[in-house]
Protein chains: 2
Amino acid sequence: MAKQERAEQTRRSLIRAAALTFDDVGYERSSLTRISEAAGVSKGALSFHFASKDELADAVQESAHLAARTVVDAVRRRPGPALQSVIDITHELAALLERDPVARAGARLARERPASTELPHHWNAAWAEAVRRLLRHARTDGSLIPGANVHTVAVLVAYLMSGLETTVRDHGVLAELVPPQGADDPPEPPRAWLSRIWELVLPEVAAVGHLPVLMAHGSRPCGDEDGALCPLGPRAAEP
Amino acid sequence: MAKQERAEQTRRSLIRAAALTFDDVGYERSSLTRISEAAGVSKGALSFHFASKDELADAVQESAHLAARTVVDAVRRRPGPALQSVIDITHELAALLERDPVARAGARLARERPASTELPHHWNAAWAEAVRRLLRHARTDGSLIPGANVHTVAVLVAYLMSGLETTVRDHGVLAELVPPQGADDPPEPPRAWLSRIWELVLPEVAAVGHLPVLMAHGSRPCGDEDGALCPLGPRAAEP
């Protein structure tokens, strides 16, 4: 393996180990020693790649931003009503947070490092502007109910994203408020909670003509030529 | 001033100084030195009252829980439809978080100290069980729309509370998604966002007969003898 390739591999495993650590114990309690051990790399090798914990956190946030951005851009390229794309972005980001510790770490660091708010690769920057544009578009493509307040829907999405980011890590509140029906039932995953909320609000938000076709559970391209959308199903939650 | 009274006063100012610090920089970055300086108390006096940062954090969480519990219990004692009480609890807790750094610190510590999840004075314990009972009651008192899924409303409340707790500290996402109409307008306070969301979902959640009387902006007792409810107004946001 070429030297440069090996260096790139070390860098990637450091970012992943750092993400696992940040996701687990947060920025302040993550030590460079723990991260280098988790990556199976010497502290010298770590400091060759990253001069400080701050730099490592930046790299994790950049990586998380890229992952979120990729998901968001893929949804934006899909055909279909703009309101469906807004729903799909929340589902795809929930699935990303469920499966990807780098994404979870990026979202957590965005909260714990206030100085990173201005960074172009801040977690929220990956979706906030896209959602804002899509909601404006949903007014012109007719998927939003006439007279709907775009601001209110934007606020709802912001609450959902913020709620998602904390509940995906700590199911505590939801488990207490919404105990599983049977004692042995597993707790509902965050994506199921999202579907419930979209189901609840869609009749107030979606234009009557669009209501029957919008999917509160999220959609994905069916894969056929005419670009139709199929129900998202459990796929998005899988790695 | 009696010695015991002075000790009690020192203890209270330590809890308040600790809350301001925890609210500002979080648990990990809060040092006992900074807290004792903020309280205007020697480190010796601090350690007389609290053996560790953990003990101090427990005391802050207990204080925050008591404040939230007081607010929740006052709402529960009010007459009126149970669904209105659920709405009012979210508004009163938002107002509490806006005005009271001890409450904000308690909510933040609940998130940052996973070990405190089992504590009886965990932030969520102050409202989660009450909301669950009220939602069950809203089904029997007829304020909930027949066939409404109590679980879904409970999930919504949990998302609202989790979103509130983070947005009350960092208006960033909401300011980006929902910019004020005029360039010089101040950003909307969290309570205004809450009202928007309740307005949006009430038609899907409230029984038709109750819809005209339920107040998405929150209510409070009018103060007359028959226990009627009046619009909450800005009062709740004031100290």
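A:Asn124 sits in the loop that runs between helix H6 (101–112) and helix H7 (128–140) of chain A, where helices (H or I, at least four residues) and strands (E, at least two) are DSSP runs numbered from the N terminus. With 24 C-beta neighbours inside 10 Å, A:Asn124 counts as buried; a residue is buried if 20 or more other C-beta atoms lie within 10 Å of its own, exposed if 12 or fewer, and partly exposed in between, with C-beta atoms placed from the backbone. Please keep in mind that this is a predicted model, in which local features need pLDDT of at least 70 and side-chain atom pairs count only at pLDDT 80 or more, while totals for chains, interfaces and linings use all residues. Residues are numbered from 1 along each chain as its sequence is written, and chains are lettered from A and ligands numbered from 1 in the order in which they are written.

**Chain A as a whole**

- Chain A holds 10 helices and 2 strands.
- Read from the N terminus, the order of elements is α-α-α-α-α-α-α-α-α-α-β-β.
- Chain A has a radius of gyration of 20 Å, which agrees with the value near 18 Å for a compact globule of 239 residues; the radius is taken over C-alpha atoms, and the globule rule is 2.2 Å times the number of residues to the power 0.38.
- Along the principal axes, the C-alpha atoms of chain A fill a box of roughly 60 × 45 × 35 Å.
- Buried residues make up 46% of the 239 residues of chain A.
- Among the contacts in chain A with a separation of 6 or more, 66% join residues 24 or more positions apart; two residues are in contact if their C-beta atoms, placed from the backbone, lie within 7 Å.

**How the two copies are arranged**

- A turn of 180° and a shift of 0.0 Å along the axis lay chain B on chain A with an RMSD of 0.0 Å, so the two copies are related as by a two-fold rotation axis.
- That superposition is by least squares on the C-alpha atoms of residues with pLDDT of at least 70 in both copies.
- B:Gly163 is the residue of chain B that comes closest to the rotation axis, with its C-alpha at 2.6 Å.

**The interface**

- Chain B and chain A each bring 36 residues to the contact.
- On the side of chain B that touches chain A, at least two residues each come from helix H1 (3–29), helix H6 (101–112), helix H7 (128–140), helix H8 (150–167), helix H9 (172–177) and helix H10 (190–205).
- H8(B) gives the largest share of that side, 13 residues.
- By type, the residues on the side of chain B that touches chain A are 18 nonpolar, 10 polar and 8 charged; Ala, Val, Leu, Ile, Met, Phe, Trp, Tyr, Cys and Pro count as nonpolar, Asp, Glu, Lys and Arg as charged, and the others, Gly among them, as polar.
- The copies meet through the same surface, because 100% of the interface residues of chain B are also interface residues in chain A.

**The nonpolar core**

- The largest nonpolar core (buried Ala, Val, Leu, Ile, Met, Phe, Trp, Tyr and Cys residues joined through C-beta atoms within 7 Å) has 135 residues, and those with the most contacts inside it are A:Val60, A:Ala68, A:Ile197, B:Val60, B:Ala68 and B:Ile197.
- Domain 1 (1–51) and domain 2 (61–237) of chain B each give at least three residues to this core, with domain bounds from an automatic or database domain assignment.
- Beyond four places in sequence, A:Val60 touches A:Ile15, A:Ala18, A:Ala19, A:Phe22, A:Val102, A:Ala105, A:Gly106 and A:Leu109.

**The loop between H4 and H5**

- In chain A, the loop between helix H4 (53–77) and helix H5 (82–99) includes A:Pro81, which counts as buried with 23 C-beta neighbours inside 10 Å.
- A:Pro81 and A:Ser143 are 62 residues apart along the chain, yet their C-alpha atoms are separated by 5.9 Å.
- Not counting residues up to four places away in sequence, A:Pro81 touches A:Ala138, A:Asp141, A:Ser143, A:His210 and A:Leu214.
- In chain B, B:Gly80 is found in the loop between helix H4 (53–77) and helix H5 (82–99), and is partly exposed with 19 other C-beta atoms within 10 Å.
- B:Gly80 contacts B:Ser85, B:Ser219 and B:Leu229, leaving aside neighbours within four places in sequence.

**A proline in H10**

- B:Pro190 belongs to helix H10 of chain B and counts as buried, with 27 C-beta neighbours inside 10 Å.
- Outside the four nearest places in sequence, B:Pro190 is in contact with B:Ala94, B:Glu98, B:Leu164, B:Thr167 and B:Val168.
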